[in-house]
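Me: I'm new to this structure, so could you take a close look at one part of it for me? I'd like to hear about the second largest pocket and what surrounds it.

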Amino acid sequence: MTKRQAIAGVVLPTWDATQSRILDAADALIATRGVRGMTIAELARRAGVSRPTVYRNWSDADDVVRAALLRRVAVILDRFPAPATTRAEIVDDVLRFAALFRADDVYQHLLTEEPEAFTRYTLERVGSSQRAILAWLAVAIGAAQHDGSVRGDDPQAMAVMLLLVAQSALLSHGTVSELIDEPSFERELRAAVEGLLRP
């Protein structure tokens with residue numbers, strides 16, 4: 001795994017052909033069956049590689065899952081080639097990121113079928129996926145502060161709170177779907193993000 005410069009100054013890894021085959025296998029397993037019971041043997045069999053090949057790249061199945069989730073985030077972030085520079089653009093980007101995140105097969109399965117796994121991999125500790133998103137948000141917040149459309153507090157701290165708001169909304173979406181329709185959900189999430197950033 002090597003590093004590459006990604007959008008908005010966020011450094012993300014890139015994966016070689018063998019690593020990508022293994023992560024493709026992990027994606028397929030997570031999207032259809034979830035992370036429960038995933039083994040290195042199963043990953044190797046589905047990817048058409050040996051178990052030692054998997055172990056040369058990752059320490060265990062949990063490590064593979066985290067890499068797969070990071071790669072999914074990298075794919076979404078690649079949809080944002082230029083960083084936002086105003087509050088309005090940040091709000092639009094956060095809402096668009098949330099929609100892409102919810103539409104992703106892997107994250108969709110975790111959110112709807114295994115919310116406890118989503119919590120374990122995204123909320124219990126700040127991993128590589130969260131750090132990439134935080135860096136992306138902090139760069140945009142810093143840029144938008146220069147034009148005065150975002151309040152002038154610490155961009156990193158603001159990015160952390162913005163991530164917490166968005167993650168909470170995404171995790172709870174299915175729970176409250178009978179209480180709030182989709183347009184209202186998006187409107188209120190937009191209002192929450194807007195309010196957090198407004199001077």
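**The second largest pocket**

Reply: The second largest pocket holds about 170 Å³ of space. A pocket here is an open set of points on a 1 Å grid over the protein atoms alone, where a 1.4 Å probe fits, with protein on both sides within 12 Å along at least five of seven lines; lining residues have an atom within 4 Å of a point. The volume is the space filled by probe spheres set on the points, which are joined across faces, edges and corners.

This is a predicted model, where local features need pLDDT (the predictor's confidence in each residue, from 0 to 100) of at least 70 and side-chain atom pairs count only at 80 or more, while totals for chains, interfaces and linings use all residues. Residues are numbered from 1 along each chain as its sequence is written, and side-chain values use heavy atoms, without hydrogens and water.

So who lines the pocket? You'll find Arg102, Gln108, Leu111, Thr112, Pro115, Leu170, Leu171, His173, Gly174 and Thr175 there. By class, that's 4 nonpolar, 5 polar and 1 charged (Ala, Val, Leu, Ile, Met, Phe, Trp, Tyr, Cys and Pro are nonpolar, Asp, Glu, Lys and Arg charged, the others, Gly among them, polar). Helix α6 gives the largest share, 3 residues; helices are DSSP runs (H or I, at least four residues), numbered from the N terminus.

Helix α6 (residues 105-113) also meets helix α4 (residues 61-77). Leu69, Arg72 and Val73 in α4 touch Asp105, Val106, Tyr107 and Leu110 in α6, with contact meaning heavy atoms within 4.5 Å.

As for confidence, the protein chain has a mean pLDDT of 89.

Terms used:
Axes are lines fitted to C-alpha atoms, for helices over the stretch in contact, and angles run from 0 to 180 degrees between N-to-C directions. Helices (H or I, at least four residues) and strands (E, at least two) are DSSP runs, numbered from the N terminus.
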